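Welcome! Below you will find a few exercises, each followed by a worked solution. Try each task with the model in view before you read on.

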Amino acid sequence: MVDLSVDIAGLKLKNPIMPASGTFSEELAEVFDLDRLGAHVTKTITRGWRDGNPTPRVCEVNGSMLNSIGIPSKGVGAFLEKVVPFYRHYETPLVVSISGNTADEFATLCSEVSVDGVAAIEVNISCPNIEEDGKAFAIRPSSTYDVMCKLRAATKLPLWAKLTPNTGETPEVARAAEEGGADALVVANTILSMAIDIHSRRPKLGNLMGGLSGPSIKPIALRMAYQCARATRIPVIGCGGISTVEDVIEFLIAGASAVQVGTATFIHPTAMVSIIEGLESWLAAEGLSSVRDLIGTVIDGEQNEAVVFMEAAP
Ligand code: SIN
């Protein structure tokens with residue numbers, strides 16, 4: 001028997017595989033047993049109603065996906081009434097993803113979703129689709145720190161900060177999130193991108209720009225996960241183009257303690273289940289009794305020695 005369980009800042013997950021926010025919903029219960037997953041992560045919600053962005057909201061680019069959904073939301077009332085009760089039927093921990101236009105509104109929502117049945121809150125401080133030119137709190141260390149402090153004060157639940165690849169300051173932003181009170185980092189959201197139809201000369205997305213996800217961004221997300229794991233003492237959850245068992249193994253070796261699978265589920269709705277089964281088989285074939293033995297075991301090219309990660313804070 002291989003032990004697939006991992007610990008994300010005190011939250012025990014039976015395995016390290018969970019969906020990326022926005023690529024998972026209650027309908028998947030018709031396709032597989034949702035209790036197979038390490039965690040459930042909901043689509044980001046906002047406090048009030050949001051229509052979302054103009055259509056088209058998605059398009060395919062070179063085997064990957066561009067989206068500018070714009071976080072359509074029915075608001076927190078509908079979420080607490082309909083969505084949270086649905087997940088109470090499962091033993092798998094529920095992670096609720098939230099967003100806000102201002103730090104104060106964000107913090108109010110954070111407190112409103114801190115209810116029985118919610119195990120952790122993923123704070124989406126990185127959506128590229130709600131402000132002009134993809135601006136988000138997590139682009140800068142200072143705005144990351146400020147919003148995290150307010151969110152920290154608003155809840156006792158674990159806070160997972162979802163970072164953005166649209167910054168040149170990844171380790172600094174990761175440290176700012178940790179110092180502001182994040183318990184874990186989700187690394188990372190989509191990459192601000194664009195596609196144009198050459199015949200109409202129009203952008204392929206109604207909102208002109210959007211976030212790129214899927215296999216083409218995996219090396220970028222992997223690099224970021226490694227940087228964040230080295231820069232902080234809190235667990236990193238890898239996210240970005242993960243679609244195979246080998247991708248998961250790479251992220252774990254790079255220092256991630258768990259991973260989120262996103263775009264792959266749109267292609268194969270049972271991708272996460274196949275990955276969990278494949279991971280168990282791979283570990284058994286390698287003679288490893290626990291998935292935790294893999295985490296942060298990357299070897300430095302020149303030194304041929306294990307890279308040193310910071311110990312978790314006591
Ligand atoms: C969206 O709804 O636009 C996507 C959410 C995100 O990328 O954070």
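## Exercise 1: The ligand and its surroundings

A polar side-chain atom of N189 lies 3.0 Å from an oxygen atom of the ligand. The protein covers 92% of the 260 Å² of accessible area that the ligand has on its own; such areas come from the Shrake-Rupley method with a 1.4 Å probe, and for residues only the protein chains shown count as cover.

Before going on, please note that this is a predicted model, in which local features need pLDDT of at least 70 and side-chain atom pairs count only at pLDDT 80 or more, while totals for chains, interfaces and linings use all residues. Residues are numbered from 1 along each chain as its sequence is written, and side-chain values use heavy atoms, with hydrogens and water left out.

**Task.** Find which residues surround the ligand, and look for polar atoms of N124 and G70 by its oxygen atoms.

**Solution.**
- Step 1. Take every residue with a heavy atom within 4 Å of the ligand, the cut-off for being near a molecule or strand. This gives K43, N67, I69, G70, I71, N124, C127, P128, N129 and N189.
- Step 2. Turn to N124: a polar atom of its side chain is 2.8 Å from a ligand oxygen.
- Step 3. Now G70: here a backbone N or O atom lies 2.7 Å from an oxygen atom of the ligand.

## Exercise 2: Strands side by side

**Task.** Work out in which order the strands of the open sheet are arranged, and which strands form its edges.

**Solution.**
- Step 1. Start with the terms. Helices (H or I, at least four residues) and strands (E, at least two) are DSSP runs, numbered from the N terminus, and two strands pair if DSSP finds at least two bridges between them.
- Step 2. Follow the 8 strands across the sheet: β3-β16-β15-β10-β9-β8-β7-β4, with parallel pairing.
- Step 3. The edges are β3 (17-19) and β4 (40-41), each of which pairs on one side only.
- Step 4. Look at β10 (residues 184-187). It is joined to β15 (residues 236-239) by 3 bridges, and V187 has G238 as its bridge partner there.
- Step 5. Another 3 bridges join β9 to β10, also in parallel, and A184 in β10 has W160 opposite.
- Step 6. Check the two faces of β10: A184 and V186 on one side, L185 and V187 on the other, are all buried. Buried means under 20% relative accessible area, exposed over 50%, and partly exposed in between (1.4 Å probe, protein chains only).

## Exercise 3: Two cysteines

**Task.** Explain why C149 has no bond to the closest cysteine sulfur.

**Solution.**
- Step 1. A disulfide is a covalent bond between the sulfur atoms of two cysteines. The cut-off here is a pair of cysteine sulfur atoms within 2.5 Å.
- Step 2. The closest cysteine sulfur to that of C149 is in C110, and because the two are 13 Å apart, they are too far for a bond.
- Step 3. The count for the structure is 0 disulfides.
- Step 4. Compare the surroundings: C110 is buried, at 0% relative accessibility, whereas C149 is partly exposed, at 29%.

## Exercise 4: A threonine in a loop

**Task.** Decide whether T164 is buried or exposed, and find what its side chain reaches.

**Solution.**
- Step 1. Locate T164 in the loop between β9 (159-162) and α4 (170-180).
- Step 2. Its relative accessible area is 1%, so T164 is buried.
- Step 3. Its side chain reaches the backbone nitrogen of N166 at 2.9 Å. A polar contact is a pair of N or O atoms within 3.5 Å; within protein, one must be able to donate a hydrogen and the other to accept it, and residues adjacent in sequence count only if both atoms are side-chain atoms.
- Step 4. Leaving out residues up to four places away in sequence, T164 touches S126, A138, I139, A188 and M224, where contact means heavy atoms within 4.5 Å.

## Exercise 5: Backbone exceptions

**Task.** Find where cis peptide bonds occur, and what phi A9 and R201 have.

**Solution.**
- Step 1. Most residues other than glycine have a negative phi, and most peptide bonds are trans.
- Step 2. One cis peptide bond joins T55 and P56, with omega about -5°; P56 is in the loop between β4 and β5 (58-61).
- Step 3. Another joins V187 and A188, with omega about 20°. A188 lies in the loop between β10 and β11 (191-194).
- Step 4. A9 has a positive phi near 50° and is partly exposed at 36%.
- Step 5. R201 has a positive phi of about 60° and is exposed at 72%.
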